[in-house]
Amino acid sequence: MLDNQPRGTICIEDIEMGMTRSLQKVVTDRDIEMFAEVSTDRNPVHLDDDYARDTIFQGRIAHGMLTAGLISAVIGEQLPGHGTVYMGQTLKFLAPVRPGDLVHAEVQVIDIDIAKRRVKLDCHCSIDGKKVLIGEATVLAPSRKFD
């Protein structure tokens with residue numbers, strides 16, 4: 001993974017509107033196989049070339065939640081980072097992700113409630129500048145006062 005910022009924690013007291021963080025990852029066959037094993041989602045559109053060729057995707061695709069997991073990685077490792085607790089996430093899948101695709105996952109702060117330690121983040125994943133996933137996350141950010 002290629003991060004644009006070091007991993008760690010940004011406390012609620014230091015989070016600012018418009019702040020962004022991102023990472024990039026090439027989705028591999030091994031990633032898809034491991035996700036299928038962990039999630040128990042063995043849909044053949046993800047694992048079987050012959051089956052997947054006859055679908056609307058005309059080939060194998062990564063699990064949507066594997067792609068969404070890259071958003072989780074940015075949130076849990078960079079913004080806000082370690083100690084963050086997910087409260088909610090919306091997702092809309094716009095296009096398939098295929099083995100070998102370089103996915104760029106990015107989050108941006110769009111709302112902050114310091115008193116409640118809540119941060120709302122605009123989230124998206126893209127391939128070659130084309131968005132393949134969009135959504136919003138609400139998280140409980142760590143605080144120097146409590147953590």
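Here are some exercises with worked solutions on the predicted model shown above.

**Exercise 1. The overall plan**

Work out how many helices and strands the protein chain has, and in what order they run.

*Solution.* Start with the count: the secondary structure amounts to four helices and six strands. Next, follow the chain from its N terminus, where the order reads β-β-α-α-α-α-β-β-β-β. Then look at the extent of the C-alpha atoms, which fill a box of roughly 55 × 30 × 25 Å along the principal axes. Finally, turn to burial and surface. Of the 147 residues, 40% count as buried. The chain exposes about 8,000 Å², and carbon and sulfur atoms supply 50% of that area.

**Exercise 2. Checking a helix with a ruler**

Compare the expected span of helix α4 with the distance between its end C-alpha atoms, then find which elements its buried residues pack against.

*Solution.* Begin with the length: α4 covers residues 64-77, which is 14 residues. At 1.5 Å a residue, the helix should span 20 Å, and its end C-alpha atoms are 20 Å apart, so the two values agree. Now pick out the buried positions, which are L66, T67, A68, L70, I71, A73, V74 and I75. Last, see what surrounds them: the buried residues of α4 pack against α1 (29-39) and against the strands β2 (20-26), β3 (85-93), β4 (102-113), β5 (118-127) and β6 (130-140).

**Exercise 3. A buried charge**

Find what lies around D101, and how far away the nearest side chain of opposite charge is.

*Solution.* First, place the residue: D101 sits in the loop between β3 and β4. Second, look for a charged partner. D101 is buried but has no salt bridge; R98, the nearest side chain of opposite charge, is 5.7 Å away. A salt bridge needs the charged atoms within 4 Å, so R98 does not qualify at 5.7 Å. Third, check the backbone: the nitrogen of R98 lies 2.7 Å from a polar atom of the D101 side chain. Fourth, list the contacts beyond four places in sequence, which are K25, V26, V27, P96 and I127.

One of these contacts, K25, deserves a step of its own. K25 belongs to strand β2 and counts as buried because its relative accessibility is 18%. The K25 side chain makes a polar contact with the side chain of D31, at 2.7 Å.

**Exercise 4. Buried, exposed or in between?**

Classify L47 by its relative accessibility and name its contacts.

*Solution.* Locate L47 in helix α2 (residues 44-47). Its relative accessibility is 33%, so L47 counts as partly exposed. Leaving out neighbours within four places in sequence, L47 touches I32, E33, A36, R42 and R60. For a sense of distance, L47 and Q89 are 42 residues apart in sequence and 27 Å apart in space, C-alpha to C-alpha.

**Exercise 5. Backbone exceptions**

Find where the backbone has a cis peptide bond and where T40 and R117 lie.

*Solution.* Keep the usual pattern in mind: most residues other than glycine have a negative phi, and most peptide bonds are trans. Step one is the cis bond, which joins L79 and P80 with omega about 0 degrees; P80 is in the loop between α4 and β3. Step two is T40, which has a positive phi of about 65 degrees without being a glycine. T40 lies in the loop between α1 and α2 and, at 59% relative accessibility, counts as exposed. Step three is R117, with a positive phi near 65 degrees. R117 lies in the loop between β4 and β5, and at 15% relative accessibility it counts as buried.

Definitions and conventions
Residues numbered from 1 in each chain as written. Predicted model: local features only at pLDDT ≥ 70, side-chain atom pairs only at ≥ 80, totals over all residues. Heavy atoms only, no water. Helix = DSSP H or I, 4+ residues; strand = E, 2+ residues; numbered from the N terminus. Expected span 1.5 Å × (residues − 1). Buried < 20%, exposed > 50% of the residue type's maximum accessible area, 1.4 Å probe, protein only. Contact = heavy atoms within 4.5 Å. Lys, Arg positive; Asp, Glu negative; His and termini not counted. Polar contact = N/O pair within 3.5 Å; in protein donor to acceptor, adjacent residues only side chain to side chain. Areas by Shrake-Rupley, 256 points an atom, 1.4 Å probe, with all protein chains shown as cover.
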